[in-house]
Amino acid sequence: MANQESTEVVPAGRAAASSGTAVERSDAFQNPGLPPHRPRVTDSDPKAAKHAERAIVALFYVSIVGAVFAMAAYFAFPIHADDLASVRLNNLFLGLGLSLALLAIGVGAVHWGKVLMADHEGVDIRHPIRGDQKTRARAVEIIDLANVESGFGRRTLIRNSMIAAIAVLPFPAIFLFRDLAPASGTPAEAYSHTMWKKGSRLTKDPSGVPIKASDVTIGSVFHVIPEGLNDAPDMLEEKAKAAVLLMRLDPADLHPSKGRESWAYDGIVAYSKICTHVGCPVALYEQQTHHLLCPCHQSQFDITREAEVIFGPAKRPLPQLPISVDSQGYLVAQSDFHEPVGPSFWERRGDYNV
Ligand code: FES
């Protein structure tokens with residue numbers, strides 16, 4: 001039931017209002033109005049205005065110098081693999097160049113607004129937002145007025161130098177984004193070859209201890225890296241491509257396609273751990289269903305059917321690593337993967353029949 005208690009409105013200042021009483025106040029604070037106007041020296045002194053104009057132009061040119069410096073620093077201080085000092089130097093000088101470019105363009109724009117653009121204060125009354133013809137015409141008038149008062153159309157040297165500074169500023173990004181691509185070759189080429197080769201032993205991740213086929217019991221799963229990976233110069237890059245999951249099933253549960261009958265060893269199968277959706281590690285194995293689950297976007301792969309996709313956004317099966325055993329009973333690779341590992345868009349050029 002609603003509260004029936006009446007509410008009394010009491011003017012501010014009256015003491016001892018009882019509970020349930022709303023207190024009505026007049027204005028919480030007085031409108032302080034606008035501060036007194038202080039004329040600027042650039043309004044009355046043409047020499048000072050000219051000086052300010054030169055300073056603004058100089059700032060925009062400094063911004064260009066900063067952007068060019070950042071681009072030059074990219075080449076002058078290249079990043080070398082396994083050399084942290086080179087990364088620091090590269091970041092330091094790229095950062096200095098970009099900071100200078102951004103700072104100078106910002107200071108130049110603010111300085112222009114403070115010392116040369118029109119210096120009168122106005123009050124805008126709130127009004128409903130409408131787009132009728134009258135309002136539009138007034139908007140055009142205001143833009144024209146702003147153009148006249150700011151000198152944007154008249155002070156062409158400042159305007160053009162600012163446009164040049166803004167145009168040059170994005171160029172360092174081209175070099176930064178270039179680093180996202182492989183150092184050489186196309187992404188498809190980079191992902192077509194991993195450290196796996198004929199005779200490479202399958203070893204435990206991260207210890208590098210070789211795995212004997214007799215160590216892998218039915219239902220078990222191993223995180224696997226190729227023998228020698230821990231000593232590879234580009235260890236992290238190689239691991240990102242070569243990481244494998246190894247599982248043992250009842251051989252009767254496997255359904256290999258023609259030509260792949262010998263890729264497993266006595267129910268032991270090895271698949272790339274790199275999800276074919278966007279490359280997360282597929283590391284969750286459901287022992288009862290023989291499904292591999294990618295935790296990123298829930299793609300599921302059926303190990304009994306060559307890791308075909310049974311759910312989720314991945315578009316192709318996980319690549320299988322053909323395996324066998326050597327004379328000492330250790331698991332070894334028969335070859336590298338037969339297709340690129342990782343996200344499936346690499347093969348859209350039509351180079352791979354997967
Ligand atoms: S990365 Fe595996 S499902 Fe998206």
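At what angle do helix α2 and helix α6 pack, and how far apart are their axes? This first view of the predicted model has the answer.

**View 1. Helix α2 packs against helix α6.** In this predicted model, α2 spans residues 46-76 and α6 spans residues 171-178. Their axes lie 8 Å apart and meet at an angle of about 20°. Angles under 35 degrees count as roughly parallel, so that is the description that fits α2 and α6. The crossing of this pair is left-handed. If you would like to pick out the contact yourself, select Ala67, Ala70, Met71 and Tyr74 on α2, together with Phe171, Pro172 and Phe175 on α6.

**View 2. The whole protein chain, for orientation.** Before zooming in again, here is the setting. The protein chain has 354 residues, of which 25% are buried, and its secondary structure consists of 8 helices and 13 strands. Take the contacts between residues at least 6 apart in sequence: 58% of these join residues at least 24 apart.

**View 3. The largest nonpolar core, with 38 residues.** Which members touch the most others? They are Val244, Leu246, Ala270 and Ile323. Several strands feed this core, with at least two residues coming from each of β4 (221-226), β5 (244-248), β6 (268-272) and β13 (331-333). Elsewhere, and apart from this core, lies another one of 18 residues, which include Phe60, Ala73, Ala104 and Trp112. As background, nonpolar side chains tend to be buried together in soluble globular proteins.

**View 4. The surroundings of isoleucine 323.** Leaving aside residues up to four places away in sequence, Ile323 touches Leu202, Trp263, Ala264, Tyr265, Ile268, Ala270, Leu331, Val332, Ala333 and Gln334. One of these partners, Ala270, joins Ile323 among the core members that touch the most others.

**View 5. An open sheet of four strands.** The strand order is β7-β8-β9-β10, and the pairing is antiparallel. β7 (284-286) and β10 sit at the edges, each pairing on one side only. From one strand to the next, the twist averages 35°.

**View 6. The hairpin of β9 and β10.** Zooming in on part of that sheet, β9 (residues 300-302) and β10 (residues 308-311) are joined by 3 bridges in the antiparallel sense. Phenylalanine 301 has valine 309 in β10 as its bridge partner. Between the two strands are 5 residues, and in this turn glutamate 306 has a positive phi of about 55°.

**View 7. Loop residues with positive phi: aspartate 266 and glutamine 298.** Both are worth a look if you like backbone torsions. Aspartate 266, in the loop between β5 and β6, has phi near 50°, although it is not a glycine. Is this residue buried or exposed? Aspartate 266 counts as exposed because it has 12 C-beta neighbours inside 10 Å, and the cut-off for exposed is 12 or fewer. Glutamine 298 is likewise not a glycine, and its phi is near 65°. Its place is the loop between β8 (291-293) and β9. With 13 C-beta neighbours inside 10 Å, glutamine 298 counts as partly exposed.

**View 8. A cis peptide bond before proline 206.** The bond running from aspartate 205 to proline 206 is cis, with omega near 10°. Where does proline 206 sit? Look in the loop between β3 (202-204) and β4.

Technical notes: Residues are numbered from 1 along each chain as its sequence is written. This is a predicted model: local features need pLDDT of at least 70, side-chain atom pairs count only at pLDDT 80 or more; totals for chains, interfaces and linings use all residues. A nonpolar core is a set of buried Ala, Val, Leu, Ile, Met, Phe, Trp, Tyr and Cys residues joined through C-beta atoms within 7 Å. A residue is buried if 20 or more other C-beta atoms lie within 10 Å of its own, exposed if 12 or fewer, and partly exposed in between; C-beta atoms are placed from the backbone. Two residues are in contact if their C-beta atoms, placed from the backbone, lie within 7 Å. Two strands pair if DSSP finds at least two bridges between them. Axes are lines fitted to C-alpha atoms, for helices over the stretch in contact, and angles run from 0 to 180 degrees between N-to-C directions. Angles under 35 degrees count as roughly parallel, over 145 as roughly antiparallel, 65 to 115 as roughly perpendicular and the rest as oblique. A crossing is left-handed if the near helix is turned anticlockwise from the far one by less than a right angle, and right-handed if clockwise.
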